[in-house]
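Thanks, everyone. Please bring up the model on your screens, and we'll walk through it together.

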Amino acid sequence: FIKSLVSPAGELILGGMLIVLVGIAYYQVNIGHTTPAAIVGCLIAFMSLKRPVKMLSKSIVELQRAFAAVRRINWTTDVASRHQERIQLAAPIRRIDFKQVSFSYDGNRSILEGVDLTIRGGEHVAVVGPSGAGKTTLSDLINGLYPHSSGEISINGIQLTQLDMPTWRAQVGIVSQEPFLFDASIRENVLMGNFTASDGEILAALKDAGCTEMLSRLTDGIDTRVGERGALLSGGERKRVALARII
């Protein structure tokens with residue numbers, strides 16, 4: 001949001017400064033304190049500063065994003081460094097509980113507030129809502145990608161903050177809105193989920209992910225290259241291959 005405001009806000013401020021500068025210049029010329037040639041030189045100098053100032057403002061926004069990323073990386077690595085002291089989580093996952101969970105990215109505006117949710121093993125749960133409602137944030141919190149502001153998240157009755165995160169995340173699969181596929185074959189992309197999987201297991205995973213019809217149309221079958229980020233497949237096909245990788 002802030003990034004989208006930088007350009008119009010910069011134009012508005014610079015435009016206002018230009019109007020003020022022209023007004024001052026007009027007054028100075030009228031009372032004989034300067035000459036038109038000097039004013040033209042000042043205006044040219046002012047306009048030449050326009051681009052560097054805009055670039056500086058954009059750089060400040062990017063710097064703030066970088067600081068936020070560093071804070072998140074530091075938090076993640078800090079959690080990872082302490083995982084040996086934490087509880088190892090064994091399958092199966094019987095339940096996931098949210099109790100009065102709240103979360104805010106900036107510490108001011110709440111994205112989630114007082115969420116109570118129980119997901120039991122074997123259930124299929126869909127979370128729906130408008131853009132910005134916190135659906136992706138909810139899944140990020142389940143995976144421990146962000147620390148929740150308040151409340152309690154527990155897996156099988158064990159608080160998420162007490163869990164060994166690698167053992168928990170090893171049991172979670174995610175297909176995002178924009179799944180990332182490597183510029184390799186379908187076989188190689190699916191193998192990213194399990195490097196020791198046999199061709200039979202790969203084909204079974206692709207079948208479970210609904211890729212049978214897609215493979216029947218491809219001349220090279222599972223050896224078909226998908227292109228950078230899966231560019232040679234449709235959006236739905238990319239997601240199905242990503243789902244097969246998780247399976």
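Start at Ile246, in helix H9, which spans residues 235-246. Keep in mind that this is a predicted model. Is Ile246 buried, exposed or partly exposed? Its relative accessibility is 37%, so Ile246 counts as partly exposed. Ile246 also belongs to a nonpolar patch on the surface. The other members are Val175, Leu243 and Ile247. Together the four have about 300 Å² of accessible area.

Now go inside. In soluble globular proteins, nonpolar side chains tend to be buried together. Here, the largest nonpolar core has 20 residues. Which of them touch the most other members? Those are Phe98, Leu141 and Trp168. Five elements each give two or more residues to this core: strands E1 (95-104), E2 (110-120) and E3 (150-155), plus helices H4 (135-142) and H5 (165-169). Another core lies apart from this one. That one has 16 residues, including Val190 and Leu233.

Back to Leu141. Leaving out residues up to four places away in sequence, Leu141 touches Phe98, Val101 and Phe103, among others. Its list of contacts also includes Tyr146, Pro147 and Ile153.

Next, strand E1. How many of its 10 residues are buried? The count is 7, so to speak plainly, E1 is mostly covered.

E1 has two partners to look at. With E2, the pairing is antiparallel, over 7 bridges. Phe98 stands opposite Leu117 there. The E1–E2 hairpin has 5 residues between the strands, and Gly107 takes a positive phi near 85 degrees. With E3, E1 also runs antiparallel, joined by 5 bridges. In that pairing, Asp97 stands opposite Ser154.

Note on methods. Residues are numbered from 1 along each chain as its sequence is written. This is a predicted model: local features need pLDDT of at least 70, side-chain atom pairs count only at pLDDT 80 or more; totals for chains, interfaces and linings use all residues. Side-chain values use heavy atoms; hydrogens and water are left out. Patches are made of residues with over 30% relative accessible area and no salt bridge: like charges are joined within 9 Å, nonpolar side chains (Val, Leu, Ile, Met, Phe, Trp, Tyr) within 5 Å. Accessible areas come from the Shrake-Rupley method with a 1.4 Å probe; for residues, only the protein chains shown count as cover. A salt bridge is a side-chain nitrogen of Lys or Arg within 4 Å of a carboxyl oxygen of Asp or Glu. Helices (H or I, at least four residues) and strands (E, at least two) are DSSP runs, numbered from the N terminus. Buried means under 20% relative accessible area, exposed over 50%, partly exposed in between (1.4 Å probe, protein chains only). A nonpolar core is a set of buried Ala, Val, Leu, Ile, Met, Phe, Trp, Tyr and Cys residues joined through side-chain atoms within 4.5 Å. Contact means heavy atoms within 4.5 Å. Two strands pair if DSSP finds at least two bridges between them.
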